[in-house]
Each structure stands twice: as C-alpha cells, then as structure tokens.
Amino acid sequence: MPNRKKILLVDDSSTSLLMTCMLLSEENYELITARDGVEGFHKAQDELPDLILLDVVMPNMDGIETCKVLRACKKTEQIPVIMITSRGGVASLEASYASGCNDYVIKPIDAGELLAKVKNCLGEWNAEE
Amino acid sequence: MPRNDRAKPSNPTTRESRRASGTALLESAAHKRLAERCAALEAGLQRLTTLWVASIRLHSSVDPAEALDNIKDILTTLVGSEEIAIWRLDQDGRSLLLQSSQGIDTARWATVPARKGVFNRVVRGQTYIRDKPAGTAGRVRAESGLSACIPLRAGGLCTGAIGIFGLLPHKPGLNKLDRALFDLLADQAAIVLICAGCSARLGGHWGRRDG
C-alpha cells in the first residue's frame with residue numbers, strides 16, 4: 001500500500017477542524033491538527049506534511065504570519081499551503097498570496113472546491129475527474 | 001411530374017451515420033443525467049456532513065459559556081456570519097435578554113421586546129429569514145439588520161432566540177443548507193443550553209470525567 005499523504009490542518013475553530021477532517025476523511029489522507037499558528041509551525045517542522053491547510057484568523061500567530069514563517073524555514077519552505085479564510089476580499093487574498101500560500105479556500109467551505117484544490121496541490125489531480 | 005409517395009431508400013452509409021450520431025446523443029444525454037445525479041448526491045452528502053458536524057459540535061459541551069461559544073462557532077464556520085446574538089426569553093415572556101454575542105452593538109441589542117415585529121413571530125416558534133440580505137433596504141425597525149432569527153425551542157416552548165445579522169461579504173444570501181442548519185439549531189440548541197444551565201447549578205457533580 002503506498003504511503004498515505006499527510007495533511008496538517010491548522011485552525012482554532014473546532015467546528016472548522018471537524019468539518020475539514022470529515023470532508024477529507026474519504027480520501028485516505030493522514031490528518032494532523034494544530035490549534036494555532038505557533039503549534040502549526042512546530043508540527044510542520046516535526047511532521048513534514050505533504051500539505052498544510054491554514055486558517056487565516058487565529059490567536060497567537062495568524063495564518064498570514066504562519067505562512068511567512070513556514071516559507072522562511074528551510075525545512076518547511078517547499079510545503080504547499082492552502083489558506084482557509086472567511087475574508088473573501090481582494091486585499092485579504094493579496095495578503096495571503098504575498099505571504100507565500102499556493103491557493104485559498106473561502107469559508108463556508110465547499111467540499112468539491114476543497115478536494116479539487118487539495119488534490120491539485122498534492123499533484124493528484126486527474127483530468128477525468 | 002408524378003409524385004413519388006414511396007420514400008427513397010436511404011444510403012446505408014447515411015443510415016449508419018445517423019444511427020451513430022443518435023447513439024452518441026443518447027449517451028451524451030445519459031452522461032449529462034448521470035453527472036447531474038452525481039452532483040445532487042455530492043450536494044446531499046455535504047448537507048448531511050454539515051448537519052452531522054453541527055450536531056456533534058452543539059452537543060460537545062455542558063459548560064454554559066462553551067455551549068454558547070459552540071453555537072456562535074457553528075454559525076460562523078458553517079453558515080458564514082460573524083454578527084450573532086443569542087438571547088434568552090425572560091420569565092414573563094416580554095423581553096429577550098442578550099446572553100452572548102459576536103460582532104454586534106451589545107448595548108443596542110441587550111434587551112429586545114419579545115412581543116413586537118419579527119421577535120413576536122420568533123418567540124411563537126417560527127424562524128424568520130429575511131428575503132434580501134441584511135442592510136440592503138427596508139424600513140428602520142427594531143429588528144433591522146437581521147438576516148435571520150431562529151427560535152430556541154424545547155418541549156413545545158420557546159426559551160430564547162438566535163439572531164444572525166450581517167453575512168460574510170462574499171456570501172450572497174442564505175441557502176437550503178443554512179435553513180436546514182437553522183432547523184437543527186431551533187430544535188436542539190435550547191436543550192443543550194438548558195442541560196448546560198442544569199450542569200452549572202449542580203456544579204458538575206452529576207458525572208465523572210474519563211481518564
């Protein structure tokens with residue numbers, strides 16, 4: 001059996017974490033969670049996930065700052081990051097991309113959109129799907 | 001020239017070509033129907049997943065403050081609103097008293113009359129959903145700014161209400177899934193808050209924490 005892809009979910013909302021876990025659970029990914037940017041950064045260094053889903057609004061260190069820190073660290077600079085945000089405005093999305101994220105998903109999360117972006121970032125996208 | 005009533009036999013190549021294109025059309029229509037069915041099933045699955053997540057989160061705490069936070073988290077994450085009020089109905093049923101809120105003017109919404117306008121309908125058990133998103137138009141009334149108001153029902157009685165004011169800017173309006181979530185909250189949130197209140201009065205001496 002091939003190695004399962006590892007995804008780190010960083011979000012301070014238990015509802016959001018549970019929802020994202022449920023949406024991704026059918027895809028046989030290994031899911032790890034963290035409750036804020038600081039914990040997320042430490043787990044990213046320890047676990048070296050294949051992908052990080054990062055909430056923007058969080059205590060301690062928000063998603064934008066966390067993404068900048070991830071990109072500045074040699075161990076984590078190449079890990080794809082999808083930002084999850086409730087702020088759909090242009091300024092917010094520009095700030096997300098400027099921090100180094102690869103893509104973004106707007107809350108409330110649409111299952112199809114999330115799965116498509118996750119697969120795309122993991123290089124699993126199949127045109128027939 | 002005499003009219004020939006009998007149809008001319010068609011060219012076999014043309015016949016085959018027509019049959020092939022007919023089959024292709026049928027297959028294409030079948031694929032379209034299948035794709036639509038798959039999309040409907042996926043949407044249904046997401047609806048069920050969302051309701052399951054909301055129910056699990058709603059029942060995840062018997063601490064009164066956590067229970068209120070969970071309701072707000074459900075509305076923020078699954079509906080897409082960051083302007084929320086949770087009121088309880090006072091003992092004589094005349095006023096709704098603010099218990100918890102997020103992103104609103106708390107002084108303005110601290111106490112609202114329960115027997116006027118939209119709130120009168122809500123305390124009678126009906127969910128109010130504004131046709132247009134809040135803030136677009138309409139008369140200035142006590143309930144102006146509300147996108148939705150959900151009764152908190154338990155045992156056939158209304159114990160309070162949840163007000164949802166502005167939606168996130170990218171959310172065009174409330175949809176079928178939001179309405180299903182409102183139904184779930186209307187029927188389950190009051191019982192959760194009552195249980196949390198009882199638990200607080202018992203000082204947590206009604207069970208044992210595992211571990």
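These are my notebook entries on a predicted model with chains A and B.

**Ground rules**

I number residues from 1 along each chain as its sequence is written, and chains are lettered from A and ligands numbered from 1 in the order in which they are written. As the model is predicted, local features need pLDDT of at least 70 and side-chain atom pairs count only at pLDDT 80 or more, while totals for chains, interfaces and linings use all residues.

**Confidence**

I looked up the scores first. The model has ipTM 0.89 and pTM 0.84. Chain B averages a pLDDT of 87 (the predictor's confidence in each residue, from 0 to 100). In chain B, 86% of the residues score at least 70. Over residues 134–142 of chain B, the pLDDT is below 50. That stretch still has 14 contacts beyond near neighbours in sequence. I count a contact when two C-beta atoms, placed from the backbone, lie within 7 Å. Where pLDDT is low, the predicted coordinates should not be read in detail.

**Chain B, overall**

I listed 5 helices and 6 strands in chain B. Both are DSSP runs, numbered from the N terminus: helices are H or I with at least four residues, strands are E with at least two. Along the sequence the pattern reads α-α-β-β-α-β-α-β-β-β-α. Of the 211 residues in chain B, 30% are buried. Buried means that 20 or more other C-beta atoms lie within 10 Å of the residue's own, with C-beta atoms placed from the backbone. I also checked contacts in chain B with a separation of 6 or more: 56% join residues 24 or more positions apart.

**The sheet**

In what order do the strands of chain B lie in the open sheet? I read E3-E2-E1-E6-E5-E4, with antiparallel pairing. Two strands pair if DSSP finds at least two bridges between them. Strands E3 (111–113) and E4 (128–129) of chain B are the edges, each pairing on one side only.

I followed E2 (residues 95–102) of chain B to both neighbours. With E3(B), E2(B) shares 3 bridges. There B:Leu97 stands opposite B:Thr111, and B:Ser95 has B:Pro113 as its bridge partner. With E1 (residues 84–89) of chain B, E2(B) shares 6 bridges. B:Ala85 is partnered by B:Ser101 in E2(B). The hairpin of E1(B) and E2(B) has 5 residues between the strands, and B:Gly93 in this hairpin has a positive phi near 70°.

Next I found helix H5 (residues 176–201) of chain B. This helix lies across E4, E5 (148–154) and E6 (157–164) of chain B. H5(B) runs at about 45° to E5(B); axes are lines fitted to C-alpha atoms, for helices over the stretch in contact, and angles run from 0 to 180 degrees between N-to-C directions.

**Where the chains touch**

How many residues does each chain give to the contact? I noted 16 from chain B and 16 from chain A. On the chain B side, H1 (12–58) and H2 (64–79) each supply at least two. H1(B) gives the largest share, 7 residues.

**A helix in chain A**

In H5 (residues 111–121) of chain A, I found A:Ala111, A:Val118 and A:Cys121 buried. They line one face of the helix, because they fall within an arc of 110° seen down the axis of H5(A). That arc is taken from the directions from the helix axis to the C-beta atoms. After H5(A) comes A:Gly123, with a positive phi near 70°.

How values were computed
A residue is buried if 20 or more other C-beta atoms lie within 10 Å of its own, exposed if 12 or fewer, and partly exposed in between; C-beta atoms are placed from the backbone.
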